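Work through the exercises below with the sequence and the model in view. Each task is followed by a solution in steps.

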Amino acid sequence: MFFEFGLKDIIDILLVALMLYYIYRLMRDSRSLNVFSGIMVFIVVWLFVSQVLQMRLLGSILDKLVSVGVIALIVLFQEDIRKFLYNLGAHQRIRSILRFFRFSKNKDRDQKDVKEVIMPIVLSSMNMSKGKVGALIVIERNVPLDDIVATGDVIDALINQRLIENIFFKNSPLHDGAMIISKKRIKAAGCILPVSHDMDIPKELGLRHRAAMGISQETDALAVVVSEETGGISIAQRGEFRLRLSAEELESILTKELG
């Protein structure tokens, strides 16, 4: 009998290749590429020993190691796996599909609610930029930031331009930490964020920018930064910076991402 190779087999190969590619990206972003390479070498050796050479004793030992190794990998890379699944759920195409199922009558109300969140952030960021007042505003999206909120002082207030500027005023006890905005409210201020140790971050960017990068790498949150040294406005998003933003650019990005 001839080996039958159909459309289903092509789809099967493409799905496996796609899965391996995303695993490779996950390992690369988490600086675990060598671990990924070692796992692939082990799998090749395991398949060669058990399927090609059919060594029963060595094959059975490797089978046991594989069954235990899967659990060990889940435990070892649980944070990276969680981040990958969060990013998958927060992907722009997934969000577009979810938006498609919204009722059209709610769109105008949603846009109005988004503006009520965005405009105080934009206006306060511009004022703080002019006065070179440092600020770090984190906007929660799909990934909950309850653990970050717990590190600061809970405020739970409506989003207000004057309140934002007062919190980041230089003599305020909360100005050094991050402000967390969640569910259209200012949840907390003075919060501590995970700091990114990425060597690609420009050296002229300070600790606020590294903290913004850290939270954007671990979650899908948006982090708005106002530089105390230059007054420049930046956004950290999905592990990338957008620097030296104007008011229009800041509003456009927030509207696109939060809308």
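**Exercise 1: two arginines in loops**

At 47% relative accessibility, Arg238 counts as partly exposed. The model is a predicted one.

Task: Classify Arg244 as buried, partly exposed or exposed, and describe the backbone and the loop of Arg238 and of Arg244.

Solution.
- Step 1. The limit for exposed is over 50% relative accessible area, and buried means under 20%.
- Step 2. Arg244 has 70% relative accessibility, so Arg244 is exposed. Arg238, at 47%, is partly exposed because partly exposed covers the range in between.
- Step 3. Arg238 is not a glycine, yet its phi is positive, near 50 degrees. Arg244, also not a glycine, has a positive phi of about 50 degrees.
- Step 4. The loop between E6 and E7 holds Arg238, while Arg244 sits in the loop between E7 and H10.

**Exercise 2: the sheet and its helices**

Task: Give the strand order of the open sheet, then find the helices that pack on the sheet and touch E1, E5, E6 and E7.

Solution.
- Step 1. The open sheet has seven strands, ordered E2-E4-E3-E1-E5-E6-E7, with mixed pairing.
- Step 2. Strand E2 (153-158) and strand E7 (240-242) are the edges, each pairing on one side only. From one strand to the next, the twist averages 25 degrees.
- Step 3. Strands E1 (residues 135-139) and E3 (residues 178-182) run parallel and are joined by three bridges. Ile137 has Met179 in E3 as its bridge partner.
- Step 4. Helix H9 (residues 207-218) packs on the sheet and touches E1, E5 (222-226), E6 (233-237) and E7. The direction of H9 makes about 175 degrees with that of E5.
- Step 5. Helix H10 (residues 247-258) also packs on the sheet, with contacts to E1, E5, E6 and E7. The direction of H10 makes about 25 degrees with that of E6.

**Exercise 3: the nonpolar cores**

Task: Which residues touch the most other members of the largest nonpolar core, and which element gives the largest share?

Solution.
- Step 1. This core has 29 residues; Ile121, Ile137, Ile164, Phe168, Met179, Leu250 and Leu254 touch the most other members.
- Step 2. Elements giving two or more residues to this core include H6 (107-130), H8 (161-167), E4 (185-191) and H10. H6 supplies the largest share, six residues.
- Step 3. Leaving out residues up to four places away in sequence, Leu250 touches Val122, Ser125, Val224, Ile233, Ile235 and Leu245.
- Step 4. Another core, of 21 residues, lies apart from the largest one; Ile180, Met213, Ile215 and Val225 are among its members.

Notes:
Residues are numbered from 1 along each chain as its sequence is written. This is a predicted model: local features need pLDDT of at least 70, side-chain atom pairs count only at pLDDT 80 or more; totals for chains, interfaces and linings use all residues. Side-chain values use heavy atoms; hydrogens and water are left out. Two strands pair if DSSP finds at least two bridges between them. Helices (H or I, at least four residues) and strands (E, at least two) are DSSP runs, numbered from the N terminus. Axes are lines fitted to C-alpha atoms, for helices over the stretch in contact, and angles run from 0 to 180 degrees between N-to-C directions. Contact means heavy atoms within 4.5 Å. A nonpolar core is a set of buried Ala, Val, Leu, Ile, Met, Phe, Trp, Tyr and Cys residues joined through side-chain atoms within 4.5 Å. Buried means under 20% relative accessible area, exposed over 50%, partly exposed in between (1.4 Å probe, protein chains only).
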